[in-house]
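Subject: Handover of a structure, with notes

Dear colleague,

I am passing on to you the sequence and structure shown just below, and after them you will find my notes on what was found. Please keep the structure open while you read, and look up each element as it comes.

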Amino acid sequence: MGKEEEYQERESNVETDEEEEDDDDDEGEEKWRMHYSSRHRILLVGEGDFSFSLSLATHFGSARNMVATSLDSQEEIDSKYSNAIGNVRELEERGCIVIYGVDAKQMSQHFFLSTQRFDRIVYNFPHVGFLFREDSYCQIQLNKRLVKGFLQNAKLLLRKEGGEIHITHKEGHPYNKWDLVRKAHNIGLLLTQTLPFRKDDYPGYDNKRAHGTLSDASFHLGDCTTYKFRLPPC
């Protein structure tokens with residue numbers, strides 16, 4: 001069975017399970033973790049060790065409403081993060097679809113994701129990796145391209161009614177030079193809300209450096225904000 005058929009079969013199984021649950025319990029009890037509901041169809045982009053996805057799934061009691069993706073391969077996350085494989089295994093046992101090798105700048109062309117629409121598309125701390133000094137012109141330009149590419153692709157995968165794109169981003173220099181809000185506006189997205197991000201709101205989440213010899217180490221967060229964008233009204 002090819003990857004496309006595998007994802008489609010798993011998606012069909014998820015939909016069947018959800019339909020059976022809906023019949024039994026009127027969609028069950030809705031559970032919220034901050035901005036995210038167990039009834040949202042959620043796409044998580046650029047996951048490191050998948051601990052953020054697992055934090056949501058643990059609270060919801062299920063991950064059947066979630067698709068979690070990483071740019072890395074399964075072999076790469078195994079070599080970079082001590083807990084990644086265990087986290088993925090638990091996510092999949094809870095019904096999450098986990099996809100490797102997903103480029104945020106091209107994800108709308110992915111053979112499975114292109115067939116889906118999501119209520120929430122989430123990218124926490126987008127970053128291309130430490131190729132230059134963090135405050136250098138080249139590093140800033142690369143990160144700006146990443147954010148722009150993600151927003152362009154996320155826009156195409158978003159449900160028109162009530163859908164939101166969330167980017168959590170560090171504040172201050174040099175991150176304020178990424179022009180996040182202006183880039184979203186130029187793409188045709190509306191900023192609806194900004195809220196402080198607190199790691200403690202997501203028990204079990206462990207932000208990772210993701211690159212270099214200290215890929216499994218956490219990085220200092222400082223002041224961080226979750227930016228919420230949506231499509232303009234028709």
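Strand β8 and strand β9, the latter made of residues 224-230, run in the antiparallel sense and are paired over six bridges. Please bear in mind from here on that this is a predicted model. Within the pairing of β8 with β9, P196 has T225 of β9 as its bridge partner, and L190 is bridged to R230, which also belongs to β9. In general, the strands of a sheet pair through backbone hydrogen bonds, and they do so in either a parallel or an antiparallel way.

β9 also pairs with β7, again in the antiparallel sense and over six bridges, and in β9 it is T226 that stands opposite T168. Is β9 enclosed or open to its surroundings? Six of its seven residues are buried, so β9 is largely enclosed by the rest of the structure.

These pairings belong to an open sheet of seven strands, in which the order is β5-β4-β3-β6-β7-β9-β8 and the pairing is mixed. At the edges stand β5 and β8 (190-196), and each of them has a single partner strand, so one side of each is left without a neighbour in the sheet. If the direction of the strands is ignored, neighbours in this sheet are turned against each other by 20° on average.

The helices that lie on this sheet come next. Helix α2 packs on it, touching β3 (42-45), β4 and β6 (120-124), and the direction of α2 makes about 165° with that of β4. Helix α5, which covers residues 137-157, lies across β3, β6, β7 (164-170) and β9, and it runs at about 160° to β7.

One residue of α5 may be worth finding in the viewer, namely Q139. Q139 has a relative accessible area of 0%, and it therefore counts as buried, for which the cut-off is under 20%. Leaving aside residues up to four places away in sequence, Q139 touches H127, V128, G129, F130, L131, F132, R133 and E134.

Returning to α2, eight of its 10 residues are buried, so this helix is largely enclosed by the rest of the structure. Those buried residues are S51, F52, S53, L54, S55, L56, A57 and F60, and they pack against β1 (32-33), β2 (36-37), β3, β4, α4 and β6. After α2 comes G61, which has a positive phi, near 85°.

How do α2 and α4 meet, and at what angle do they pack? Helix α2 (residues 51-60) and helix α4 (residues 84-93) pack at an angle of about 35°, and their axes are 9 Å apart. Their crossing is left-handed. On the side of α2 the contact is made by S51, S53, L54, A57 and T58, and on the side of α4 by N87, E90 and L91. Sorted by class, this contact has three nonpolar, four polar and one charged residues.

In α4 the buried residues are A84, N87, V88 and L91. Seen down the axis of α4, these buried residues fall within an arc of 100°, so they line one face of the helix. The general background is that an α-helix has 3.6 residues a turn, so residues three or four places apart point the same way. The buried residues of α4 pack against α2, β4 (66-70), α3 (74-80) and β5 (97-100). Just after α4, G95 takes a positive phi of about 105°.

Helix α3 also contains E76, which has a relative accessibility of 38% and so counts as partly exposed. E76 and Y100 lie 24 residues apart in sequence, and from C-alpha to C-alpha they are 9.7 Å apart in space.

Lastly, some values for the whole chain may help you to place these details. The chain has six helices and nine strands, and 48% of its 234 residues are buried. Among the contacts in the chain with a separation of 6 or more, 74% are between residues 24 or more positions apart.

With best wishes

Technical notes. Residues numbered from 1 in each chain as written. Predicted model: local features only at pLDDT ≥ 70, side-chain atom pairs only at ≥ 80, totals over all residues. Heavy atoms only, no water. Axes fitted to C-alpha atoms, helices over the stretch in contact; angles between N-to-C directions. Helix = DSSP H or I, 4+ residues; strand = E, 2+ residues; numbered from the N terminus. Left-handed = near helix turned anticlockwise from the far one by under 90°. Contact = heavy atoms within 4.5 Å. Nonpolar A, V, L, I, M, F, W, Y, C, P; charged D, E, K, R; others polar. Buried < 20%, exposed > 50% of the residue type's maximum accessible area, 1.4 Å probe, protein only. Arc of directions from axis to C-beta. Pairing = 2+ DSSP bridges.
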